[in-house]
Amino acid sequence: MSFGYYLRSCAGLMAAAIFACGSPNLRAASATTADDTQPSGPPVHAVLTSPPNVPPPTNRKKPAKVIVELEVREVEKEISEGVRYTFWTFGGTVPGSFIRVRQGDTVEFHLKNHPDNKMPHNIDLHGVVGPGGGAASSFTAPGHESQFSFKAMNQGIYVYHCATAPVGMHVGNGMYGLMLVEPPEGLAPVDHEYYVMQGDFYTVGKYREKGLQTFDMQKAIDEKPTYVVFNGSEGALIGDHALTAKVGERVRLFIGNGGPNLVSSFHVIGEIFDRVWYEGGVHYQQNVQTTLIPSGGAAIAEFKAIVPGSFVMVDHSIFRAFNKGALAILKVSGAENKLVYSGKEVDSVYLGDKAKDLRVVSQATAAAQQGTLTLEQQVKAGESLFSGTCSVCHQPNGKGLEGVFPPLAGSDLLAKDPHRAQQIVLNGLSGPITVNGKTFNSVMPPMSQLNDDELANILTYVTHSWGNSGYRYSAAELAETRKKTARPPGAAE
């Protein structure tokens, strides 16, 4: 017997043994496919929820006929404080309504397009086995309704989205959501389930430019988003809208990425996921720090809250978090555990200006546009922006750090030439500088990514605080300085 024949024989015996015993992967794969059981009992109307809420478990032992009724609404909402955008939505929210069914269910899907809408829409559900995921069966004009049925064959967490041409524009305007197909035995009980979905948005105006913004097709094609946010806006999951839990409770996150372009590097600062069902399938990884979620993909992450505090959720492609909006908060309350963590709260370091109420900023901008901006409004807006943008280095009291960051309080540099401050914030400053008779040597990056009115408000707050000269800056003044500032290619605009 040749050696080659011996190897082939061994391989055949091993394959037979594996087939007879059943490999774990094969068992897992077969467990994801629904059997041919017919729906039992009366039809069930699916409970749909708006983000970040999740419908209750189905708690059904057998498959059922499930009726889903979902309405498309084109609605104008805030994407950032003082910034309006016309979203195209499933159910009136971004992301769309959360759909929860059981593996083996027969789903009767009704898609309604509100008569006030201007565009036709449809739906592609990634959890549907069939061409287009339902898209061809659900093309719906304004004022009309479409109906089709499908069997929920595979357990997992699945994205759905609009697939009407131009597909990218429909998705880029917020037309996506998640559908959970529970396994027959259901999911293990947890204390909280939350629905979080990332999306990238493309506006004609720059980041945080106030007023109603429109979709920018060229930016979308170039994959250069103005905003990257969770649940449709910068403020969706911070402040009073933050997710909550208590020490000792288990949290399950259903995390989606609507795209239309970017891959998400999802991370919760200060937490480690006990388990992540990556790509929304049946397998999980343990002790995960950051999980990749592709555009049009989803994942399930679980962890136990061990210590209290504010846990910041971000896309760890980190400029998206701090300069485009991909930031959310989970507030955990309860007793400290100093054996695990000392307990110092550092919200402001990570939250930046989002730790403050930014309504005063948009109010100041609106007043400036109307020509009614008061000094008090400008100072309050500047204080809110300063707290997140400047206070970590220059300190909340404006005294700076000895030898490193110069003081803004009682600054002779500001008193001598208030126009110099404009050049510094727009161009940055590197190397030794003397302020109040002392030398400081550090680097200040240019703050040119901020709008002219934001910079004017910050500088006005500084010059009207801590014994300074009281010079008042205007957005027009900053715009003129910006126009005269020469920058190398690729520098911030």
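**Close-up views of a predicted model**

**Figure 1. Strand 22 and strand 23 form an antiparallel hairpin.** In this predicted model, strand 22 (residues 429–435) is paired with strand 23 (residues 438–444) in the antiparallel sense, over seven bridges. Valine 435 has lysine 438 of strand 23 as its bridge partner. Two residues lie between the strands of this hairpin, and asparagine 436 takes a positive phi there, near 55 degrees. Most residues other than glycine have a negative phi.

**Figure 2. Four strands form an open sheet of mixed pairing.** The order of the strands is 4-9-8-6. Strand 4 (99–102) and strand 6 (124–125) stand at the edges; each has a single partner strand, so one side of each is left without a neighbour in the sheet. The pairing of strand 4 with strand 9 (residues 176–182) is parallel and runs over four bridges. Within this view, arginine 102 stands opposite glutamate 182 of strand 9. Strands of a sheet pair through backbone hydrogen bonds, either parallel or antiparallel.

**Figure 3. Helix 8 and helix 12 cross at roughly 100 degrees.** The axes of helix 8 (residues 375–389) and helix 12 (residues 452–463) come within 7 Å of each other. Angles from 65 to 115 degrees count as roughly perpendicular, and the two helices are therefore roughly perpendicular to each other. On the side of helix 8, the contact is made by Leu375, Gln378, Val379, Ala381, Gly382, Glu383, Leu385 and Phe386. Helix 12 contributes Glu454, Ala456, Asn457, Ile458, Thr460, Tyr461 and Val462. By class, this contact has nine nonpolar, four polar and two charged residues.

**Figure 4. Buried residues of helix 7 pack against helix 8 and helix 12.** Helix 7 covers residues 359–370. Its 12 residues, at 1.5 Å a residue, should span 16 Å, and the end C-alpha atoms are 17 Å apart, which agrees. The buried residues of this helix are Val361, Ser362, Ala364, Thr365 and Ala367. Just after helix 7, glycine 371 takes a positive phi of about 75 degrees.

**Figure 5. Two loops contain a proline that follows a cis peptide bond.** The bond from proline 51 to proline 52 is cis, with omega near 5 degrees. Proline 52 lies in the loop between strand 1 (44–45) and strand 2 (65–80). The bond from glycine 259 to proline 260 is also cis, with omega near 20 degrees. Proline 260 belongs to the loop between strand 14 (250–259) and strand 15 (264–268). Most peptide bonds are trans.

**Figure 6. Glutamate 223 and glutamate 279 each take a positive phi in a loop.** Glutamate 223 has a phi of about 60 degrees although it is not a glycine. This residue lies in the loop between helix 4 (217–221) and strand 12 (227–230). At 46% relative accessibility, glutamate 223 counts as partly exposed. For glutamate 279, phi is near 55 degrees; the residue is placed in the loop between strand 16 (273–277) and strand 17 (285–288). Glutamate 279 is exposed, with a relative accessible area of 63%.

**Figure 7. The chain has 13 helices and 23 strands.** The views above are set here in the context of the chain. Of its 493 residues, 49% count as buried. Among contacts between residues at least 6 apart in sequence, 69% join residues at least 24 apart.

Note on methods: Residues numbered from 1 in each chain as written. Predicted model: local features only at pLDDT ≥ 70, side-chain atom pairs only at ≥ 80, totals over all residues. Heavy atoms only, no water. Axes fitted to C-alpha atoms, helices over the stretch in contact; angles between N-to-C directions. Parallel < 35°, antiparallel > 145°, perpendicular 65-115°, else oblique. Contact = heavy atoms within 4.5 Å. Nonpolar A, V, L, I, M, F, W, Y, C, P; charged D, E, K, R; others polar. Expected span 1.5 Å × (residues − 1). Buried < 20%, exposed > 50% of the residue type's maximum accessible area, 1.4 Å probe, protein only. Pairing = 2+ DSSP bridges.
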